[in-house]
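Trainee: Could we go through this model together, with the reasoning behind each term spelled out?
Mentor: Gladly; let us look at it before we begin.
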Amino acid sequence: MALTVGLRPLTRALLRPWARVPGAALGRPAAGSGDGVRCFGSPRVLVEPDPAAVGVAVMKMRNPPVNSLSLEFLTELLISLEKLENDKTFRGIIITSDCPGIFSAGLDLLEMYGRDPAHCAEYWKAVQELWLRVYLSNLVVIGAINGISPAGGCLLSLSCDYRVLANNPKYAIGLNETLLGIIAPFWFKDVLVNTIGHRAAERALQLGFLFPPSDALQVGIVDQVVPEDQVQSTARSVMAQWLAIPDHARQLTKNLVRKPTADRLLQQRDADIQNFVRFISRDSIQKSLHVYLEKLKQKKG
């Protein structure tokens with residue numbers, strides 16, 4: 001029996017171009033920007049023009065303490081990305097974090113633990129949508145990774161066109177789902193294989209590797225490792241190189257390379273949602289999540 005995914009009011013906003021998230025600060029002129037270039041935001045996402053680069057927006061994730069990808073945070077990210085896609089002012093976006101030491105800790109386990117199937121289905125649909133939106137974006141998307149980036153945070157990084165990681169040994173990156181007793185979906189796996197190759201991905205996925213910066217660069221999960229205070233300037237320099245290419249040629253090439261991977265999910269979205277809900281609803285998986293969440297509570301205590 002197919003699952004019916006009910007859409008909450010905030011999620012339904014994704015269907016409307018330039019929809020506004022409650023609490024958003026829309027239309028505020030950015031310092032130093034032209035009259036037609038404005039920044040906008042929401043409680044968890046701030047988007048503003050890069051003052052040093054015409055046509056470039058900087059998206060700062062600010063869902064403290066660790067930028068967990070909750071349903072509401074995912075929705076706000078999606079709305080912000082849609083606005084940027086629809087605004088011809090922008091040709092590129094730099095995604096970074098406003099939370100010190102954390103790019104994104106990944107999926108919000110509280111959206112999966114103790115939840116009913118309908119909620120889990122709605123949540124997974126939003127995770128799928130974020131990946132598709134970033135992975136297939138017509139914009140140049142640069143990840144300025146200024147903190148740890150496990151699991152879903154790694155997926156977001158891998159979805160970018162180029163990744164710059166801060167050279168801090170604490171800032172590990174990788175798909176570590178097996179350490180939590182769960183598995184990475186096939187489309188997580190596909191993106192990692194595309195990035196670092198089959199054998200490296202096979203080991204990394206099974207062992208739940210979190211790569212420190214030097215190893216992440218060596219295996220190819222990031223493109224550059226730079227001092228922490230140079231992440232943004234490096235991302236800006238890389239963006240200039242990518243924007244030097246005519247948009248239509250770059251966009252068509254990107255689509256040519258990435259569409260087959262995205263199509264695998266697009267053709268199986270409903271089945272993927274149902275598989276996720278069945279898997280996450282298992283007693284054994286719920287127990288694993290409970291144990292992991294209890295460990296996190298003890299660390300905080």
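Trainee: How do the residues of the lining of the second largest cavity divide into nonpolar, polar and charged?
Mentor: Bearing in mind that this is a predicted model, the lining comprises Met 59, Leu 77, Leu 81, Ile 95, Leu 130 and Leu 156. Because Met, Leu and Ile count as nonpolar, the division is six nonpolar, no polar and no charged.

Trainee: What makes the lining of the largest cavity divide into six nonpolar, two polar and no charged?
Mentor: The residues that line the largest cavity are Leu 69, Val 127, Leu 130, Trp 131, Gly 152, Leu 155, Leu 156 and Ser 159. Leu, Val and Trp count as nonpolar, whereas Gly and Ser fall among the polar ones, and so the division comes to six nonpolar, two polar and no charged. This cavity has a volume of about 60 Å³, while about 30 Å³ of space lies in the second largest cavity.

Trainee: Why is H3 called oblique to H10?
Mentor: The axes of helix H3, residues 117-135, and helix H10, residues 269-280, cross at roughly 130 degrees and come within 9 Å. An angle over 145 would count as roughly antiparallel and one from 65 to 115 as roughly perpendicular, with the rest oblique, and therefore H3 is oblique to H10.

Trainee: Which residues of H3 and H10 meet there?
Mentor: Among them are Trp 124 and Lys 125 in H3, and Asp 272 and Phe 276 in H10. The residues of this contact divide into nine nonpolar, one polar and four charged.

Conventions: Residues are numbered from 1 along each chain as its sequence is written. This is a predicted model: local features need pLDDT of at least 70, side-chain atom pairs count only at pLDDT 80 or more; totals for chains, interfaces and linings use all residues. Side-chain values use heavy atoms; hydrogens and water are left out. Axes are lines fitted to C-alpha atoms, for helices over the stretch in contact, and angles run from 0 to 180 degrees between N-to-C directions. Helices (H or I, at least four residues) and strands (E, at least two) are DSSP runs, numbered from the N terminus. Angles under 35 degrees count as roughly parallel, over 145 as roughly antiparallel, 65 to 115 as roughly perpendicular and the rest as oblique. Contact means heavy atoms within 4.5 Å. On a 1 Å grid over the protein atoms alone, a cavity is a set of points where a 1.4 Å probe fits but cannot get out, and a pocket is an open set with protein on both sides within 12 Å along at least five of seven lines; lining residues have an atom within 4 Å of a point. Grid points are joined across faces, edges and corners, and a volume is the space filled by probe spheres set on the points.
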